[in-house]
Each structure stands twice: as structure tokens, then as C-alpha cells.
Amino acid sequence: MDLTFTMGGNSVSSYLFLICLRLVLIPVVKLSQQGLPSTNLPGHLEPLGSKNVKRSVELIHDFLTPVEFFKNYAGANKPVLIRGGAKLSPAVTKWTDEYFLSLPESNDFNITAEQRKKEIRTYPAQDITFKQFVSTYIEEDIYMVNGVPPFLQKDVLLPPPLLCKEIVEDMLVDTVMWFSSGGTKSVLHNDDVDNINCLISGTKELLFIDYKKYKNKVPIDFPSGGYSGVDVDRVDFVKYPSLKDVEYFNVTMEPGDCLFIPYKWYHQVRSYDRNIAVNVWFKHKANFIPNDCDMEPNQTLDKFKFTSLEEDSSNQEPVDFMEHLGSFITKGHLTYEQFEEQLKQDSLIVGDEAFVWNEKFSLAAKQIFQVLDKDKDGMFSKLDVKLLEEDESVQSRVQSVVENELARIEDLIEDQVESAKDSTTEPEDAPKDEL
């Protein structure tokens, strides 16, 4: 007997249909058996954190003294929103587009403009004058990410908790101006510095993830840039299953607010309306409590030096790590064991802090070795170096893997060093009468 049924006007054998159905269902069953998340999980293909547990960031209504700020927040790696913390900065009232365009310096000062409001870090940026940016940013899909122009630094106060001699002399890293017409979305990322971000105009919404609690759950698949490749508008729990298990902190910033973003905490930022913010990055020191904080209040950014700006002006050549790793070869070739041994002793890569090389380090080292072994003979040799130099398409991919895995090693070392410092019971630099 010929069993048939009709689909879309065509006669199809029921037997063949069952076979096709089985082929479709088997992969789904296998995914479920492997423990991968179902595609009907709450939040799948929705914006980041849309269905995760969220907690509010702590709110205070004024900056604390430097000692209190570092004890309660910077030293404790705890975010805090300072409502109205930036309102004393002249920028809050002065920074209109008309004001910017009236400044003669805006004609000649070049800034970096990202060409997509939804951040894609591999997308090329654009160098234009500040005047060109201010004249076009409302209509264009661009936003400014640049050091605060020197002629505007006099309008922004250094956050009061940083007005201590040791901080201003040694710990100020950089200051950045973020400027858009709204609608920007950052990648999920973290920074190797502490950050006080002050909002001049517009609104910002931020999601935070506690680094220490969830560092094994957040996939930073581009460690050299400190960011995740997850689409913040459509989180794929099949590709990034661990993100369904994290807990978020969230905060909404209004004009004049400042926000402390702790060292290495993961965060993702969305901006609305005409939006300008200035952040100050400063070095993170575990258990640090400042001394000598009797500085004159209300000092503006132009009064201070920032180390990253000084480094930029020195025109130092960046390290070519492909060339550096090639210098490991002195006698024709290296086995993986020999390569790993040299890697763990190389001061340029691992620095001079004490740490313990473990399986996580070895995994990163193996990833590097495997891409450097171009001819796949189990050796890293001068022939591999030559083959990589001749194949530009492969070389860029290999370089990306090398840079990411070296950054992963750097992060692993930093985590060990930070944990060791956190285990001390009393901050070395703390003034005794404040404890």
C-alpha cells in the first residue's frame, strides 16, 4: 500500500518525511544531551542582561574624602554612583555646540571619531577636526572617543577623591571624552585601570558584572582588547552559554552624575540624547589608601599630567611580539617544552612579579605554539618564521592569536598578583589614625 500525504500541493512519501524529520531532530537532541542551553531560554537573542538577575549600584549624594573613597570603593572594588558629583565642573553649563564652535582651537585640533555608534572595535576610526565633528555628529553615525582636548581641560574638575599627592604624581593614567548624539552601544569589556566617569549631558545606562565572582563565566574572546565578541543586542546563549548564569548590577546616570567603575569589572554602556562624558582612568593598587591629600580643591584637568599621554608623546615603538618570539630560536628549532620554558622566563612577556605557572598558562602557550608551527611538524623553527613572513593572509590571523593569548597570560599573572595583595590584612600605605 502506498502511504502518501500532500504538502504544498506535492505528494511526499511519509517514510521519506519521517527520515527527514529524524535528521532535523537528532542534532537538537544531541545539543541538549551535551548540556548546551536550549534556544527557548529567557533572554536568548535578546539584549544583554535582559532576563538576568539585576542589582542596583550603591548611590551616594556627594564625593567622599579620598581616604573614605579608597577604603569603601576603590580598595573594595565596588562600583558607586555619585549623584551630582560633576555639577561643579564648568563643563556642565558651558559645553554647548555653540561654545565648542566658537573656540579657535577647534579648527585645527584633530580627534578620533568611531564610525559606528554600535561599537565594532575592528571597524576603522576616522580622524577629523573637532570642528568637523561638532558640525556633523548629529546627522552622522559617528561618535567621538578622544583625550579631552587641551583647550577644554580647564572646564573639567579632577574628581575630588584623586586630589592627593601620590595619586596626581604617579597614578593618573588618562582622561577621555565621549561625545555623541545618543544611541551608542559599547561592547562588553573591562579595563586594567580604575575609572571615574562623569556625565556632562545626556543619559547613560550601564550594566556591570563583578570580575572576581564571574571571571570564569564572562567570555572575553578578544583578551588583547579586553572585550567580548557577544552581540549586546542579541545574546546567543548557544555560543555564549555561561552568560545566562551571571548576575548584573545596573545604573542610570543623569547629567552631572559621576560613576566609579572598578578595575576589571565587566561593563557595557548605552548612551541616549546629546551625550558627553569625561572619564579619568587611574592606576589600580590593591589595598591602597592615599596620604597627603591636603591639596587645593576644585582643580581642573589641565593642572595635571597623565602617564599615557606622556608615553604617547615619547614615540616609543610598540613591541613586535612575532619578531620577539622568533628570537627564541637560537639553534634551528624549539620543541613545545623548550618554547614554554622560554616563554615563562621571558621578562618582556611575564614581567618581574612573582607568579605560579599553571595549566591555564600552558593552554595559552600551546595555542601560541600551534599557530607559530606553520608547517605542523611539532617544532617552532626558522623555517616557520620564514613561511609566516611570506604568507600575509595567515600572518595577520596568527598575530591576532598570539596577541590575544599573550594578553591572556598577562591577565592570569595580574589575577594572581592581585589575589596575593588582597590576602594581606592591612593596607601598607594606610594612615594609622584612619583605620
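**Two disulfides and strand β10**

Mentor: In this predicted model, a disulfide joins C164 to C293, with the sulfurs 2.1 Å apart.

Trainee: How do you know that C164 and C293 form a disulfide?

Mentor: Check the S to S distance, which is 2.1 Å. The cut-off is within 2.5 Å, so the pair counts as a disulfide. The two cysteines sit in distant parts of the chain, 129 residues apart: C164 in the loop between β8 and α6, C293 in the loop between β13 and α8.

Trainee: And what makes the disulfide of C164 and C293 right-handed?

Mentor: The torsion about its S-S bond. That torsion is about 105°, so the disulfide is called right-handed.

Trainee: Why is C164 called buried?

Mentor: Its relative accessible area is 0%. Buried means under 20%, so C164 qualifies.

Trainee: What about C293: why is it called partly exposed?

Mentor: C293 comes out at 22% relative accessibility. Buried needs under 20% and exposed needs over 50%, so C293 falls in between.

Trainee: How many disulfides are there by this rule?

Mentor: Two. The other link is between C198 and C258, their sulfur atoms 2.1 Å apart. That link is right-handed as well, with 105° about the S-S bond. C198 lies in strand β10 and C258 in strand β12, so the pair ties together parts that are 60 residues apart in sequence. Both C198 and C258 are buried.

Trainee: What is the pairing if you number the bonded cysteines in sequence order?

Mentor: The pairing reads 1-4, 2-3.

Trainee: Back to β10. Why is strand β10 described as largely enclosed?

Mentor: Count its buried residues. In β10, residues 194-209, 15 of the 16 are buried, so the strand is largely enclosed by the rest of the structure.

Trainee: How do you know that β10 pairs with β13?

Mentor: Look at the bridges: 14 of them join β10 to β13. Pairing takes at least two, so these strands pair. They run antiparallel, and D194 has F282 as its bridge partner in β13.

Trainee: What makes β10 and β12 a pair?

Mentor: Four bridges join them, again set against a minimum of two, so they count as paired. The two strands run antiparallel; I196 stands opposite F260 in β12.

Trainee: And how do you know that β11 pairs with β10?

Mentor: Five bridges link β10 to β11, residues 248-253. With at least two required, that makes a pair, so the call holds here too. β10 and β11 run antiparallel, with L207 opposite N250 in β11.

Technical notes:
Residues are numbered from 1 along each chain as its sequence is written. This is a predicted model: local features need pLDDT of at least 70, side-chain atom pairs count only at pLDDT 80 or more; totals for chains, interfaces and linings use all residues. Side-chain values use heavy atoms; hydrogens and water are left out. Buried means under 20% relative accessible area, exposed over 50%, partly exposed in between (1.4 Å probe, protein chains only).
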